[in-house]
Amino acid sequence: MIDSIKERREESGRCMNCGVPFCQSGIVFHGKRLGCPLHNLIPEWNDMLRRENPEHALSRLLKVNCFPEFTGRICPAFCQRACVLGEQGEPVQIKKNELFIIEFAFEKGFMLPQPPQSRSGKTAAIIGGGPAGMAAAWHLNRRGHLVTVFDKGAEPGGQLLQIPNNQLPPEIVRRRVRLMEEEGVVFNCGVTANPEELAKQYDTVVCCTGPRSKKESLVVLAIAEGKAKAAQADIELMGFTSIEI
């Protein structure tokens, strides 16, 4: 256990003293990134944690963040930069609360495989098994599409596996990969994918070959990119042309 639920309850209760939750805004203001790029529902899951309802907190956390066990460890916490309480003192420890919720869920057996109840029959190939590719695969699989991830590495993870072990142990990444496999995602590693060839075999191809960097700040942005690409691919698979209105 990372912390006790009592410790996290007290810290999450501080979040309720905020009037305007800029923490979830995800904006760039004068060149400075403020708020969560994933638009995490921070006040909602902090409120559930304050009420000692970690299972409901988990449901609100997973609503927009597919990999909180990654971001809870290595995100630079743009949310805490935007925390209103930080103007007069210490910001709420949002990152620690996030990590507590997801690890408590794994520890208590809440994180069970959740394959889609029905399949669309559509196939999607994801090129790149890093955080962006994994995020795209997670979202498209949840939408019921049949997803295969191609990566030239020996195993999925990409830049996640380059981060020092004391910040993000490789087993945390592998644990998530195993869960995704149990939910129906196929990982095909050790191959160099050809987009043109894949386009002949799959209904859509999503390219997520981002830079392989050790910079932890890129991970949350890569996850956000993967979410956006998955949303666009899903729109196209449904017969539309663009996510923009």
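These questions and answers cover the cavities, one pocket and one cysteine of a predicted model.

Colleague: How many cavities of 30 Å³ or more does a search of the whole structure find?
Modeller: Rolling a probe the size of a water molecule over the atoms shows where empty space is left. The search covers the whole structure, with a floor of 30 Å³. The number of cavities found is two.

Colleague: Which element gives the most to the lining of the largest cavity?
Modeller: The largest cavity has a volume of about 110 Å³. Two elements give two or more residues to its lining, helix 2 and helix 6 (94-108). With three residues, the top contributor is helix 6.

Colleague: Which residues lie nearest the centre of the largest cavity?
Modeller: The lining of the largest cavity has 14 residues. By class, nine are nonpolar, three polar and two charged. Nearest the centre lie Cys 36, Asn 40, Cys 75, Cys 79 and Glu 98.

Colleague: Cys 36 is buried or exposed?
Modeller: Cys 36 sits in the loop between strand 2 (32-34) and helix 2 (42-50). Its relative accessible area is 7%. The cut-off for buried is under 20%. Cys 36 therefore counts as buried.

Colleague: How far apart in space are Cys 36 and Cys 23, C-alpha to C-alpha?
Modeller: Beyond four places in sequence, Cys 36 touches Cys 23, Gln 24, Ser 25, Gly 26, Ile 42 and Cys 79. Cys 23 is thus one of its contacts. In sequence, Cys 36 and Cys 23 are 13 residues apart. In space, their C-alpha atoms are separated by 6.1 Å.

Colleague: How many charged residues does the lining of the second largest cavity have?
Modeller: About 70 Å³ of space lies in the second largest cavity. Of its 13 lining residues, Cys 15, Cys 18, Cys 23, Cys 83 and Val 84 lie nearest the centre. By class, the lining has 13 nonpolar residues and no polar ones. The charged count is likewise none.

Colleague: Where does the largest share of the lining of the second largest pocket come from?
Modeller: The second largest pocket has a volume of about 250 Å³. Closest to its centre, of 13 lining residues, are Leu 58, Ser 59, Leu 62, Gln 114 and Arg 142. Helix 3 (54-61), helix 7 (131-142) and helix 8 (170-182) each supply at least two lining residues. The largest share, three residues, comes from helix 3.

Colleague: How many charged residues are in the lining of the second largest pocket?
Modeller: Sorted by class, this lining has seven nonpolar residues. Two more are polar. The charged residues number four.

Terms used: Residues are numbered from 1 along each chain as its sequence is written. This is a predicted model: local features need pLDDT of at least 70, side-chain atom pairs count only at pLDDT 80 or more; totals for chains, interfaces and linings use all residues. Side-chain values use heavy atoms; hydrogens and water are left out. Helices (H or I, at least four residues) and strands (E, at least two) are DSSP runs, numbered from the N terminus. Buried means under 20% relative accessible area, exposed over 50%, partly exposed in between (1.4 Å probe, protein chains only). Contact means heavy atoms within 4.5 Å. On a 1 Å grid over the protein atoms alone, a cavity is a set of points where a 1.4 Å probe fits but cannot get out, and a pocket is an open set with protein on both sides within 12 Å along at least five of seven lines; lining residues have an atom within 4 Å of a point. Grid points are joined across faces, edges and corners, and a volume is the space filled by probe spheres set on the points. Ala, Val, Leu, Ile, Met, Phe, Trp, Tyr, Cys and Pro count as nonpolar, Asp, Glu, Lys and Arg as charged, and the others, Gly among them, as polar.
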